[in-house]
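Dear colleague,

I am passing on a structure that I would like you to look at, and the notes that follow set out what was found in it. Please read them with the structure open beside you.

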Amino acid sequence: MTQQQVRLLNRARKMAGIDSGKISPSNPFEKSESVAGILQAAIAELDPAQAPKWGIAAGGLLFIATLNELQSG
């Protein structure tokens, strides 16, 4: 995980009101518990470009609009 990704994860954690002891510096889209879902939503709001990248890395599917946005740069 890059330093920029760690900062994003921390910003999302703060935004969602999640205690820092409840998350680890890893892809939150690889998890499915409720805390991960809240964190995923915060990440999508803070960085709409990073959220689908983590989703793809976790083996998730993307909506066609998201794929189109990624391909258009």
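**Ala 51 and its surroundings**

Ala 51 has a relative accessible area of 8% and is therefore buried, where buried means under 20% relative accessible area, exposed means over 50% and partly exposed lies in between, as found with a 1.4 Å probe and protein chains only. Please keep in mind that this is a predicted model, in which local features need a pLDDT of at least 70 and side-chain atom pairs count only at pLDDT 80 or more, while totals for chains, interfaces and linings use all residues. Residues are numbered from 1 along each chain as its sequence is written, and side-chain values use heavy atoms, with hydrogens and water left out.

Ala 51 is found in helix 3; helices (H or I, at least four residues) and strands (E, at least two) are DSSP runs, numbered from the N terminus. With neighbours within four places in sequence left aside, Ala 51 is in contact (heavy atoms within 4.5 Å) with Phe 29, Ile 43 and Ala 44. The C-alpha atoms of Ala 51 and Gln 40 are separated by 7.3 Å, although the two are 11 residues apart along the chain.

The buried residues of helix 3 are Gln 50, Ala 51, Pro 52, Trp 54 and Gly 55. Gln 50 counts as buried because its relative accessibility is 13%, and, leaving aside neighbours within four places in sequence, Gln 50 is in contact with Gln 5 and Leu 8. Just after helix 3, Gly 59 takes a positive phi of about 85°.

**The core and the aromatic pair**

The largest nonpolar core, meaning a set of buried Ala, Val, Leu, Ile, Met, Phe, Trp, Tyr and Cys residues joined through side-chain atoms within 4.5 Å, has 9 residues: Leu 8, Leu 9, Ala 12, Ile 18, Leu 39, Ala 42, Ile 43, Ala 51 and Trp 54. Helix 1 (3-16), helix 2 (34-46) and helix 3 (50-57) are the elements that give two or more residues to this core. Ile 18 touches Arg 13, Ile 23, Val 35, Ile 38 and Leu 39, again not counting residues up to four places away in sequence.

The structure holds 1 aromatic pair, for which rings of Phe, Tyr and Trp (its six-membered ring) must have their centres within 6.5 Å, with planes under 30 degrees apart counted as stacked, over 60 as edge-to-face and the rest as tilted. The pair is tilted, because the rings of Phe 29 and Trp 54 have their planes at 40°, with their centres 6.4 Å apart. The pair links distant parts of the chain, 25 residues apart, with Phe 29 in the loop between helix 1 and helix 2 and Trp 54 in helix 3. Phe 29 counts as partly exposed at 21% relative accessibility, whereas Trp 54 counts as buried at 5%.

**The whole chain and its confidence**

The protein has 4 helices and 0 strands, and buried residues make up 25% of its 73 residues. Of the contacts with a separation of 6 or more, 48% are accounted for by residues 24 or more positions apart.

The average pLDDT (the predictor's confidence in each residue, from 0 to 100) is 84, and 82% of the residues score at least 70. Confidence is lowest in helix 4 (residues 64-72), at a mean of 57, and highest in helix 1, at 95.

With best wishes
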